[in-house]
Amino acid sequence: MSLVGKISTEIGVHASAAKWFKLCATQLHDVQHLTDSVHETKLHHGEDWHHKETVKHWTYVIDGKVTTCHEKIESVDEENKTIYYKLYSGEIDHKFKVFKLIFQAIGKDNGSAIIKWTVEYEKISEEVDPPYGYIEYLHKCTRDIDLNLLKA
């Protein structure tokens, strides 16, 4: 069995792809106010939330357990409304050698969007389960955030 894997999910949302991309590309610090699943976000290193060298510290709930990690933007593809994140430290380093999160906002003709989340990972051993809890977490966050983006 392979230690490397990829899990993806696509979620239909009401807010536009442009609104979603703007949130993730330039207003990431607001996420903690848009969903109860994120307890706290703060800058760990750097001064600009959206610079590639900046490291953010996240506190959130996965599988009913409060978890922390550091996150860093690896790249941003504005044309395809895609952002590549690297997550590490905390619980992630205890289970995974590599843990990447890919966000993509795909516009639909009616003004709504599909949010695609992909988790790419390499487990440290066969005993570690795939990170399905992160997909559930991303689903819940996406639903919560979408409701708040519609109010804005």
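**View 1. Six elements line the largest cavity of this predicted model.** α1 (17-26), β3 (55-62), β4, β5 (82-88), β6 (96-107) and α3 each supply at least two lining residues of the largest cavity. α3 gives the largest share, 6 residues. The volume of the largest cavity is about 320 Å³. Its lining counts 21 residues. Nearest the cavity centre lie Trp-58, Leu-101, Trp-117, Tyr-137 and Leu-138. By class, the lining holds 19 nonpolar, 1 polar and 1 charged residues. Searching the whole structure for cavities of 30 Å³ or more turns up 1.

**View 2. The largest pocket has a volume of about 270 Å³.** A set of 15 residues lines this pocket. Closest to its centre are Ile-62, Asp-63, Lys-95, Phe-96 and Tyr-134. β4 (65-77), α2 (91-95) and α3 (132-151) are the elements that give two or more residues to the lining. The pocket lining divides into 8 nonpolar, 2 polar and 5 charged residues.

**View 3. Helix α3 has buried residues along its sequence, among them Gly-133 and Leu-149.** The helix has 20 residues and should span 28 Å at 1.5 Å a residue. Its end C-alpha atoms are 30 Å apart, which agrees with that expectation. The buried residues of α3 are Gly-133, Tyr-134, Ile-135, Tyr-137, Leu-138, Cys-141, Thr-142, Asp-144, Ile-145, Asp-146 and Leu-149. Charged side chains are on that list too, namely Asp-144 and Asp-146. α3 gives two or more residues to the lining of the largest pocket. It also supplies 6 residues to the lining of the largest cavity.

**View 4. Phe-96 and Phe-99 form an edge-to-face aromatic pair.** The ring centres are 5.1 Å apart, with 65° between the planes. Phe-96 is buried, at a relative accessible area of 6%. Phe-99 is buried as well, at 3% relative accessibility. Phe-96 is also among the residues closest to the centre of the largest pocket.

**View 5. Tyr-134 and Tyr-137 pair edge-to-face within α3.** The centre-to-centre distance is 6.5 Å, and the planes make an angle of 80°. Both tyrosines lie in helix α3, 3 residues apart, about one turn of the helix. Tyr-134 is buried, with a relative accessible area of 10%. For Tyr-137, also buried, the value is 12%. Tyr-134 is among the residues closest to the centre of the largest pocket. Tyr-137 is among those nearest the centre of the largest cavity.

**View 6. Ring pairs link six aromatic residues into a cluster.** The members are Tyr-60, Phe-96, Phe-99, Tyr-121, Tyr-134 and Tyr-137. The count of aromatic pairs in the model comes to 7. Two of the cluster members, Phe-96 and Phe-99, form the pair of View 4. Tyr-134 and Tyr-137 form the pair of View 5.

**View 7. Cys-24 and Cys-69 are buried cysteines without a disulfide partner.** The disulfide count is 0. For Cys-24, the closest cysteine sulfur belongs to Cys-141, 10 Å away, so the gap is too far for a bond. The Cys-69 sulfur also has Cys-141 as its closest cysteine sulfur, at 12 Å, again too far for a bond. Cys-24 counts as buried because its relative accessibility is 4%, under the 20% cut-off. Cys-69 is buried too, with a relative accessible area of 2%. Cys-141 is one of the buried residues of α3.

Methods:
Residues numbered from 1 in each chain as written. Predicted model: local features only at pLDDT ≥ 70, side-chain atom pairs only at ≥ 80, totals over all residues. Heavy atoms only, no water. 1 Å grid on protein atoms, 1.4 Å probe; cavity = no way out; pocket = protein on both sides within 12 Å on 5 of 7 lines; lining within 4 Å. Points joined across faces, edges and corners; volume = space filled by probe spheres on them. Helix = DSSP H or I, 4+ residues; strand = E, 2+ residues; numbered from the N terminus. Expected span 1.5 Å × (residues − 1). Buried < 20%, exposed > 50% of the residue type's maximum accessible area, 1.4 Å probe, protein only. Disulfide = S-S within 2.5 Å. Phe/Tyr/Trp six-rings, centres within 6.5 Å; stacked < 30°, edge-to-face > 60°.
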